[in-house]
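Trainee: Before I read anything else into this model, could we take a careful look at one helix and at what surrounds it?

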Amino acid sequence: MKSTKSKWRSVLMPLFLFVLLFTVTACGGQNKSGEKAAGTEGKKTVTVWASGSDNVRVQFDEQIKTFNAAQDKYEAKLEFITSGTGAQSLMDKILAAKKAGKANTDFDVVEMGGEEINNYLKEGGKDLFVPLDDKQLTNKSELQFEAPTNTDKFIPYRGTTVVLAYNSEKVANPPKTAKELYDWIKANPGRFAYNTPDSGGAGGSFVVTSVYNFLDKEALNSTDSEMAKQWDKGFALLKDLHSSLYQSSGKVVYPNKNQGALDLLSSGEIDMTPMWADMLLSGKKKGTVPASIQMAQIDPAFTGNVVVLGIPSMSQNKEGAHAFLNYMISAQAQNIALDSMAAIPVIDFAKLDPKLLEAIKGLQIKEFRASNIGSDLSKALNDRWTREISVLSK
């Protein structure tokens, strides 16, 4: 008869071996510290971060699909923050990770407006993004445009600009200059609107353009706080236009967000509004914006910008990130951006599908009037608009 001790040993030993085997297997399956998790079929993951409207997400989804299909080393994955959801902004997420001292993150590729570059570097330091290796960017020779600043760390991948959207059934000859536009607004009370500048870039561009048309050309790329002292003429113009704008219930109404202004135009409530070209063209393609809504450019033009990509220093997969950036400035990726959201290409138009180019006929990225006044001046401009213009509706 076995002893009690032997009996317990025969029960516990198999259990002990099972636990030991499980522990070794589990530990062996974990990534070593600092390694990036592998994606599908052993490919190394490249996490792409972007934010904005849904048309931006749709564009990235299609581009990532084609990138992944052609890759045997990397698997791109999109992390997208939809604007207006109240979620923490992409910039705040990245800056929080940097300030927390995180050396290894999944911030591999980051999309931002060219005007945001200075804000990122001001808050996160000059080492927040790495200098790009041109040897890994073989498609860079096709670029027709550069990032507005820090060209060694960022590359543009699409252009965007604000245009004058109008109802061609009501407006046969749209204004060609800023002065003609202001005259038209006064001659057609209630038929023009622009969204609040802090709720969307189209309205913001209208305000910036109206104010900075009175300043020297170089002012649009100055972050000097002294510029604010030269805004008086522009704000006098905005006050003068106020009473001629769209009204509801007897009061002037500034729509909320770009979409709010576009909805008023599409429904026939107004005949004209400043609008992002890609947003307008995407809406027309989807059928949410009537075919009668056309676009025109005025002189001086509304402000536009290039949208850029960069690689944070916290990235664990900088080689894969370079591969993705190189793909994004290829003809294939540029055609997708053009087709899915009417984005303005940054490479030679001759390399692209001529049928797709029909949608943006007349829009050339080299003719953009870029604005890069920085976050502090932008906030000051919006705050002054709220104090002096918004209150006129009360």
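Which exposed residues are carried by the face of helix 5 turned away from its buried side?

Mentor: The face of helix 5 that points away from its buried side carries Lys 179 and Ala 187, both exposed (over 50% relative accessible area, with buried meaning under 20% and partly exposed in between, for a 1.4 Å probe on protein chains only). The model is predicted, with local features needing pLDDT of at least 70 and side-chain atom pairs counting only at pLDDT 80 or more, while totals for chains, interfaces and linings use all residues. Numbering starts from 1 along each chain as its sequence is written, and side-chain values use heavy atoms, without hydrogens and water.

The opposite face explains the pattern. Helix 5 spans residues 178-187, and within it Ala 178, Leu 181, Tyr 182, Trp 184 and Ile 185 are buried. These five sit on the same side of helix 5 because they cover an arc of only 160° around the axis (taken from the directions from the axis to the C-beta atoms). This fits a general rule: an α-helix has 3.6 residues a turn, so residues three or four places apart point the same way.

The cover over that buried side includes strand 4 (154-167), helix 6 (201-212), helix 7 (232-242) and strand 7 (272-276). Helices (H or I, at least four residues) and strands (E, at least two) are DSSP runs, numbered from the N terminus.

From helix 6, Phe 206 is a useful residue to follow, since leaving out residues up to four places away in sequence, its contacts (heavy atoms within 4.5 Å) include Leu 181, Tyr 182 and Ile 185, which are among the buried residues of helix 5. Phe 206 also touches Leu 238 and Leu 241, as well as Pro 274; by their numbers, the two leucines fall within helix 7 and the proline within strand 7. Phe 192, Tyr 194 and Phe 302 complete the list of residues that Phe 206 touches.

Leu 181 and Phe 206 appear again in the largest nonpolar core, where, together with Phe 192, Tyr 194, Tyr 212 and Phe 324, they touch the most other members out of 99 residues. Such a core is a set of buried Ala, Val, Leu, Ile, Met, Phe, Trp, Tyr and Cys residues joined through side-chain atoms within 4.5 Å. Strand 4, which is part of the cover over helix 5, gives the most to this core, with 7 residues. Apart from it lies another core, of 20 residues, including Ile 94, Ala 97, Ile 117 and Phe 129.

For the wider setting, the chain has 13 helices and 9 strands, and 49% of its 394 residues are buried. Among its contacts between residues at least 6 apart in sequence, 75% join residues at least 24 apart.

Two serines illustrate such distant partners. Ser 340, in helix 11 (residues 331-341), is in contact with Gln 59, Ser 282 and Lys 285 once its neighbours within four places in sequence are left aside; although Ser 340 and Lys 285 are 55 residues apart along the chain, their C-alpha atoms are separated by 9.0 Å. Ser 371, by contrast, lies in the loop between helix 12 (354-357) and helix 13 (374-388), and it is buried, with a relative accessible area of 13%. Not counting residues up to four places away in sequence, Ser 371 touches Glu 115, Val 208, Leu 220, Asn 221, Thr 303, Gly 304 and Asn 305. Of these, Val 208 brings us back to helix 6, whose range of 201-212 contains it.
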